[in-house]
Number of protein chains: 4
Amino acid sequence: MLSPETVKVKSLGECLIPSPVGLSTVFGDGVVNYVPDDAQMPVTVENTSEIADQGGAYFEKAGPREKIYFDPANTSAAIVTCGGLCPGLNNVIRSLVLELHHHYKVKNILGVRYGYRGLDPNMGFEPIDLTPEFVEDIHKDGGTVLGSSRGPVDLDNAVGFLRDKGVNVLFCIGGDGTQRGAQALSEKARSLGYPISVIGIPKTIDNDIKYVNQTFGYYTAIDQARDVIDCAHNEARSAIGGIAVVKLMGRDAGFIAAGATVASQDVNMTLVPEQGFKLDGPGGLFELLEKRIIERDHAVVVVAEGAGRNLLPKGEETLDASGNVLFDDIGVFLAGKIKSHFKDRDVSVTVKYIDPSYTIRSVAANCEDALLCDQMARNAAHAGMAGRTEMLIGFRYDVFIHVPIPLVTSRKKCMSPESDLWRSVLSTTGQPIRIGAATQ
Amino acid sequence: MLSPETVKVKSLGECLIPSPVGLSTVFGDGVVNYVPDDAQMPVTVENTSEIADQGGAYFEKAGPREKIYFDPANTSAAIVTCGGLCPGLNNVIRSLVLELHHHYKVKNILGVRYGYRGLDPNMGFEPIDLTPEFVEDIHKDGGTVLGSSRGPVDLDNAVGFLRDKGVNVLFCIGGDGTQRGAQALSEKARSLGYPISVIGIPKTIDNDIKYVNQTFGYYTAIDQARDVIDCAHNEARSAIGGIAVVKLMGRDAGFIAAGATVASQDVNMTLVPEQGFKLDGPGGLFELLEKRIIERDHAVVVVAEGAGRNLLPKGEETLDASGNVLFDDIGVFLAGKIKSHFKDRDVSVTVKYIDPSYTIRSVAANCEDALLCDQMARNAAHAGMAGRTEMLIGFRYDVFIHVPIPLVTSRKKCMSPESDLWRSVLSTTGQPIRIGAATQ
Amino acid sequence: MLSPETVKVKSLGECLIPSPVGLSTVFGDGVVNYVPDDAQMPVTVENTSEIADQGGAYFEKAGPREKIYFDPANTSAAIVTCGGLCPGLNNVIRSLVLELHHHYKVKNILGVRYGYRGLDPNMGFEPIDLTPEFVEDIHKDGGTVLGSSRGPVDLDNAVGFLRDKGVNVLFCIGGDGTQRGAQALSEKARSLGYPISVIGIPKTIDNDIKYVNQTFGYYTAIDQARDVIDCAHNEARSAIGGIAVVKLMGRDAGFIAAGATVASQDVNMTLVPEQGFKLDGPGGLFELLEKRIIERDHAVVVVAEGAGRNLLPKGEETLDASGNVLFDDIGVFLAGKIKSHFKDRDVSVTVKYIDPSYTIRSVAANCEDALLCDQMARNAAHAGMAGRTEMLIGFRYDVFIHVPIPLVTSRKKCMSPESDLWRSVLSTTGQPIRIGAATQ
Amino acid sequence: MLSPETVKVKSLGECLIPSPVGLSTVFGDGVVNYVPDDAQMPVTVENTSEIADQGGAYFEKAGPREKIYFDPANTSAAIVTCGGLCPGLNNVIRSLVLELHHHYKVKNILGVRYGYRGLDPNMGFEPIDLTPEFVEDIHKDGGTVLGSSRGPVDLDNAVGFLRDKGVNVLFCIGGDGTQRGAQALSEKARSLGYPISVIGIPKTIDNDIKYVNQTFGYYTAIDQARDVIDCAHNEARSAIGGIAVVKLMGRDAGFIAAGATVASQDVNMTLVPEQGFKLDGPGGLFELLEKRIIERDHAVVVVAEGAGRNLLPKGEETLDASGNVLFDDIGVFLAGKIKSHFKDRDVSVTVKYIDPSYTIRSVAANCEDALLCDQMARNAAHAGMAGRTEMLIGFRYDVFIHVPIPLVTSRKKCMSPESDLWRSVLSTTGQPIRIGAATQ
């Protein structure tokens, strides 16, 4: 349970400088307002006899402040994009630049190249000077104009870089690993006597960051996935005993698989990490498929990449150098198992396997994500200028909020098998609550 | 301000029949749950010194109930779609039919033809028998397989029709006029001793129904509008002094114009009903356009159909038979005024006017709307089977709720000029808070 | 009938300079070849007892020549886009620049602003320096980066401009008016002792230029039109007696209306300029619509903008200042007539009118047009470097050819009512060969 | 070289029955005409000193005949779709049914299930009764409503089936294997005293059937492939040393890879079966990639599935049961080789591999293919009703023709490295004529 203490966001100091953004402080005058510092949002708003109360914990509401911490004339910002591609990265970069440049009059904005590596001068990647002209049309392209990479950075080198470039506010666009890095970077900078504002913008196509109801890229992903499922459906319907297996992204959380299933309506079984399943035995996947093939002659199965880990063989050969368990590809595994199951029973089926991951990650943001990116980015700019730090922009119950980074890096968000979304999946597919009554 | 009394939803009677849906009543067992009757949601969750408290008013949460009112074996349902087209109508029809048929085992579902007219036997439109086979692929098409029309129905005839067909639950998919009709129908039926469950599903492409944060079709509309704005931008950039005027839907509320502006990022001025504007004078639209043409040689203007009513000529010829004020087309008016303004000043401009309304209304639902439609429809089925009546499915702070119809028919929702969305519009366009400092 | 004389293309002089493009002159060595100067293509290849022979007239085949006329080191090129927008303009500009720059090593390429107006120094539009960097991503946008305008230019001023800038080759992208202007410009330049190569690239979304089987933009247009017809179909099917009228481009030729009809398959009547029709009387449009509404309750009518001119009222008020006949909008006219026809007969219909012209013109090129643009442009570059002049790139029987400009400016291409395409329209719609047995 | 003899199409007998289609036989009367039997088309129309003459061989032109062979009242048709999916199958089925039903009044049309297997009664697949109602909306879906499968059928069983069902005309939609089967079936039927009309409709997404310039599905494939290449480009541009390898269809012919390259314009190297290449050594692929990475930091490589067979390891393990050489996946092979090449040289690159095959095959036809399918199908109906047999519908120089099946099954069409299309690829990519100067 969250306490008022744990949801409190750090600041670099008191906000004394009047914001140049030029909004109103009067509610009801028909003019857009600054967001007062006491504007907040309860952690949980649903109210039933069965949900425990969140004990009065409230998130700070995001938005432009009447007084800001940094003097725009003497402020430099930097933006970095980390990790795998996600639709909307360029939209976020663009709206950050435009908000900082046009509204706060911050003229010095650096684009850090290739993720955290670009913060290490030893890597030799000079940052890009980000101007309104540079970003004008970038939101129409997928990918990131800054480049991206995975992995951490030498913190001392990075702080040295930021100090050399005079960066006061750093925007870190990335997933939970990136946010852990952002937190560490901020702590190191403070410890070295160069405190900066570090603002995270959550980026995970899997939609698995806590206190962010919907991350940008997620809706684009299910949009794309719906088209792929439509293809899979066509393949399955056109073959004798056609079974199409579609693997979708979702290492720890099945949001994409679930959302795409409901949006598509053409899926017969959806398998996610949050809900175990059995292949064999009564009520198992094979039995369900057999029944479906007899009745309808075709089936579409969607499987999240992190589903069914209990089924994958784990052996010596699946340990990497550091001793981490490496998993096989559940999609390939499943398609193979289905093939051999029916072959053993001498039932003629045609199994097609589709894995659209890369093409989903690199398209441009769809309309909803474009909207979300703009709002995420501008709220991040406001938070940075107000001197907030070690926080990310959250989005909960349709409200943008400030969330302390440590709150979201301890554990990922996953889709509860008791959630409305999973109920929608069960309604749409008609699949049993537990396939094979397996336990995780 | 809402009171606990006004948000209370009517029921036909006590729910005594165990639901056949087969969910859990235990939170934490990993199985999807029935929604308890005491699950609720505060009317307002944001908490600032400046927003007045809503005094403890809570909406009932939507969802499947453990006990239902109607015995599925003896229950007949009917579905009617009214008013103008909106992306997602077929998705709603389909999910209603599938939920009622597969999960509640209601076998008798009628599709009323051509809106409320199909409820009047004198019109000669026999209802369609809605089966899973009939609805299988309809969600991939725009329009409505039931047909639609505008206008009311003779209430006595309609109740006679429902009684003759043995309809117990009527789902009315439509806007505020349709919901007023639904309320009247329910009251008339009760007064005639044939009480039925009347469940509204909000349909307005303009997104202007209260307590429904997002109506289906709205996101598809801004998706389409974004593409049109992209075309307008291309036209404007390719001509000498190119000015493209795009009229978007929004009779009383500027949500589509605002959403499309932020999603597109290529709009320079957005005009909505909620914020007046002047054409002439200092800071007026013409002055802004002149400045923009000098600096950038092109401009894109988006205008909601209900914007600028104060500017339109009103005369005898604009009164209809009933004495209602008929308005000219603001888009045509504005494009004409811009042309003549620049012609008078001998400035060479090329004005293009684009009105994409019909093609937006009749496309299939995009991915987000497909998701929303499915959830709206299934929650409506749950409400109907539980004997709720004179209510519609609302959606607020990401939670589906039950809203008494009278709460939403008294006044439409509009976009506050102090809202986050309008702030996003101002940030994106860079337009002044009030164009021409006009007052409405 | 064409004679060998009329199809002969003009040249500035003998080609003496070896091409730097580096192809082969040996057929069969597996290496791409220069096109020999004697490569040609018969004007008509179909052979039936009923088609008159074209008497041995052959078009010169387009392509890179082994010997060229201009020394790339001392050559400057210029590109101009004229008239209304058409999908693919940026693709053509880009491929011209890349071919000239990379393959011929022509480093000096000017982009003339805003059509022929940019050739007149008095208009004050400085040309753009076109480089590979400038054009890198332009093919993904609709419109034209050069800008466009309609209308002619003062020929003396234009030749002065070209001479001042040292332009040797001018690429004129536009319709028949533009090509007439190109011819006049070339003749004037020669008469002033500054002969240049003037190469036309046909641009007409209507696809109505002779000896060009398919102009770029045409397929994109029918692609877009198909989507609009789908919307119209949805509107029509969802209303009582729904009749949707879609106006498509095609001032003198019905290719877009015909192509979109066959691609869509959902059109019931297609009206084009090449085939007259009657509204009233036996077999007239109204009778056909009545029958269709009775049988199927909805109808989709596609009308090309130039169709039905005989029906439009012509009066004093439809003469412009120069005495030209101005026509009303056939779409608006037709929709109105249909409405009043059924109203007079007290038949309840719902007429929707859709005019998508601007959004069709300004989208980016679809895949087929992108292919065509690249090939058109590179063949134009080859022709220019080989010193050809007063010609345009044609495309006939799947082969790119050189066509003298005067051959295409005398008369537009139109769709024969005896053509395969019109036969496809009749098959698809099932409409009678002559609606109302009207004569034009 | 083709002789007049080899291009002559077989007929079942003399055409004596007046066609019910109702066209004109007079050229110039403004009414669509029957195609006279002597209408023909030279095999080759281009005329250069270097192309050998085709010695007077002419293909018969396709189209409706004034006199037909079969009496529609007593005629039954059947349609079968074979092999892998291809966009447009449902369009072809639909237009066949509509042409036969509405224009020829053939009321008995069978849809054979699951390819040739559906012709064998032992397989237990009852044919579908194809009506206008059944096919009404099928053209909007990918796949085939008939189902498909690979492999031959027992000819005696198949002829028995056709005789039992009274089928007179069989339309075989498929690739070269299918057409071989069609030929065999016709010969067997004749030998058994049950001669039928067997009409092939070419279906190959690879576009590799001779005398068919463009098969349906090909343009849809490059349309889809262009989007995938765009994603690949985004991936490559966003990574340090990003190299994206896209594998496209094309087992024996590189048309898809070539077409997608030119349409996309973002490809740096295109590898096809018709042009060998080396990985190592001067001018080899690795050297080209190194240069590109140094200069531009990213690269996009497109490889057709049949390219580079000389590079793939062939060993015992790559022989199948019949002794055929099985090839590894060139895409996986190439991506791996590139990775290890740069790893060996300690150059940091990020290699992404994308294989979009299944999703390309199963989408609905794009606009151009929809047009083509309609025309292919209706011409096939005309040919069948006229009693032609053992032929397929060809498409050459923009004219639909009749081609004897044996002409196209002996050898596949491939893309000449001396063709205009390959020249376009070289121009667009800037790649050398022979990568690594390899020979195949």
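This report describes a sheet, the domains and the chain contacts of a predicted model.

Residues are numbered from 1 along each chain as its sequence is written, while chains are lettered from A and ligands numbered from 1 in the order in which they are written. Because the model is predicted, local features need pLDDT of at least 70 and side-chain atom pairs count only at pLDDT 80 or more, whereas totals for chains, interfaces and linings use all residues.

**Sheet of chain A**

Chain A holds an open sheet of nine strands in the order 3-4-17-16-10-9-6-7-8, with mixed pairing. Helices (H or I, at least four residues) and strands (E, at least two) are DSSP runs numbered from the N terminus, and two strands pair if DSSP finds at least two bridges between them. Strand 3 (40-42) and strand 8 (128-129) of chain A stand at the edges with a single partner strand each, so one side of each is left without a neighbour in the sheet. Helix 4 (residues 176-191) of chain A packs on the sheet, and its direction makes about 160 degrees with that of strand 9 of chain A; axes are lines fitted to C-alpha atoms, for helices over the stretch in contact, and angles run from 0 to 180 degrees between N-to-C directions. The strands of chain A that helix 4 touches are listed here.

| Strand of chain A | Residues |
|---|---|
| Strand 9 | 169-174 |
| Strand 10 | 197-202 |
| Strand 16 | 391-396 |

**Domains of chain A**

The domain assignment, in which bounds come from an automatic or database source, gives domain 1 (10-215 + 365-409) and domain 2 (222-360 + 418-437) of chain A. Their centres, taken over C-alpha atoms, are separated by 36 Å. Five residues of domain 1 are in contact with eight residues of domain 2 in chain A, contact being counted if C-beta atoms, placed from the backbone, lie within 7 Å.

**Chains A and B**

The contact between these chains takes 52 residues from chain B and 52 residues from chain A. On the side of chain B that touches chain A, helix 10 of chain B gives the largest share, seven residues. A rotation of 180 degrees with 0.0 Å of shift along its axis superposes chain B on chain A (RMSD 0.0 Å), by least squares on the C-alpha atoms of residues with pLDDT of at least 70 in both copies. That is the relation of a two-fold axis, and in chain B the C-alpha nearest the axis belongs to Y397(B), 2.1 Å from it. Since 100% of the interface residues of chain B are also interface residues in chain A, the copies meet through the same surface.

How values were computed
Two residues are in contact if their C-beta atoms, placed from the backbone, lie within 7 Å.
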